[in-house]
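Welcome! Let's walk through a protein structure together, one step at a time. Have the sequence and the 3D view ready, and turn the model as you read.

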Amino acid sequence: MKTAVVTGASIGIGAATARHLAQAGYKVICAARRPERIQPLADEIGGIAVECDVTKLEDVARLAEVVGGSLDVLVNNAGGARGLEPVVDADLGRWEWMYRVNVLGTARVTQALFPALEAAKGIVVFVTSTAADGGYEGGAGYCGAKAAERSMVESMRLELFDTDVRITEICPGMVATEEFSLRRFDGDQSRADQVYAGIEAPLSAEDVAEVITFMATRPPHVNLDRVTVRPRAQAAQHKVFRA
Ligand SMILES: NC(=O)c1ccc[n+]([C@@H]2O[C@H](COP(=O)([O-])OP(=O)(O)OC[C@H]3O[C@@H](n4cnc5c(N)ncnc54)[C@H](OP(=O)(O)O)[C@@H]3O)[C@@H](O)[C@H]2O)c1
């Protein structure tokens, strides 16, 4: 049976991706910090739950131990945004959090699981964001972190050109997940709700999970380098139709 690792599998895009990959026939290793969320998910889909904070070396080493010698799919999804302040007012502690998780955490997991991916001729899907395409007001910390994640994708694809490992990137636009904006705004639900206010149908976690699963299940010679997926109402980062 083919195996997949999804980081940040406790909720949102990660949890939906774990379910989709399981439906596609993968044994899914669900990694995140909250065991009370990943254990029931793993039980539901016949996978394995691994409590793992991607910023912690020992947790990532344990994840690699559970994975063992062979891994077909790695979905680097753990991440998120903190704050929306202009650069001059930004809390740099939040920037540090975003870099530690989105950039360094992703690099750490990729390094640790790379031998198993190489053994299986596997594929990595990095979940970056349209935020990686360029800055927006208040977004410098998050846009920078996601752009740094993208640079890993670009470098790795070149570095591995003569191997069988595939490196791919999905860039979602607005996805109405339960916690993404809530965490960005320190639990302020009304501020989080404003992000999606008036948008008839923002993307759902399932929409993104379906595309990730499609990317991961292409034949070994096919590489979807970068897929951008937005809701129809978001014609561009700032061009959003709100009723
Ligand atoms: N929602 C959007 O509009 C959107 C758009 C573009 C890109 N994205 C990206 O898509 C990914 C998933 O977003 P989402 O909307 O599903 O967000 P979410 O609902 O907030 O989920 C984030 C996931 O990351 C995990 N996580 C956070 N810090 C972690 C750490 N240190 N170690 C391990 N896991 C950690 C969380 O699990 P625990 O808290 O249990 O550890 C959770 O499962 C993120 O990388 C995000 O930047 C989101």
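A polar contact is a pair of N or O atoms within 3.5 Å; inside a protein, one of the two must be able to donate a hydrogen and the other to accept it. Keep in mind as you explore that this model is predicted.

With that idea in hand, look for Glu 179, in the loop between strand 6 (166-172) and helix 6. Is Glu 179 buried or exposed? Its relative accessible area is 15%, and because buried means under 20%, Glu 179 counts as buried. The side chain of Glu 179 meets that of Arg 34 in a polar contact of 2.9 Å.

Arg 34 also leads us to the ligand. Which residues come nearest to the ligand? Out of 31 residues around it, the answer is Ser 10, Arg 33, Arg 34, Tyr 142 and Thr 177. You can also trace this shell by its helices: helix 1 (12-23), helix 4 (92-120), helix 5 (140-159) and helix 6 (180-184) each give at least two residues to it.

Now zoom in on single atoms. In Tyr 142, a polar side-chain atom is 2.7 Å from an oxygen atom of the ligand. Asn 77 takes part through its backbone, where a polar atom lies 2.8 Å from a ligand oxygen. At Asp 53, an N or O atom of the side chain is 2.9 Å from a nitrogen atom of the ligand. How much of the ligand does the protein bury? On its own, the ligand would expose 880 Å², and the protein buries 98% of that.

Next, let's visit some rings. Find Trp 97 and you will see Arg 82 lying over its face, 3.7 Å from the ring centre. Phe 214 has a partner too: the charged end of Arg 218 sits over its ring, at 3.7 Å from the centre. As for rings paired with rings, the structure has one aromatic pair.

Our last stop is the cysteines. How many disulfides does the structure hold? There are zero. Take Cys 30: the nearest cysteine sulfur belongs to Cys 52 and is 12 Å away. A disulfide needs two cysteine sulfur atoms within 2.5 Å, so a gap of 12 Å leaves Cys 30 in no disulfide. Cys 30 is buried, at 0% relative accessible area. Cys 171 is in no disulfide either, with the sulfur of Cys 143, the nearest one, 12 Å away. Cys 171 is likewise buried, at 0% relative accessibility.

Methods: Residues numbered from 1 in each chain as written. Predicted model: local features only at pLDDT ≥ 70, side-chain atom pairs only at ≥ 80, totals over all residues. Heavy atoms only, no water. Buried < 20%, exposed > 50% of the residue type's maximum accessible area, 1.4 Å probe, protein only. Phe/Tyr/Trp six-rings, centres within 6.5 Å; stacked < 30°, edge-to-face > 60°. Lys NZ or Arg CZ within 6 Å of the ring centre and 35° of its normal. Near = heavy atom within 4 Å. Areas by Shrake-Rupley, 256 points an atom, 1.4 Å probe, with all protein chains shown as cover. Helix = DSSP H or I, 4+ residues; strand = E, 2+ residues; numbered from the N terminus.
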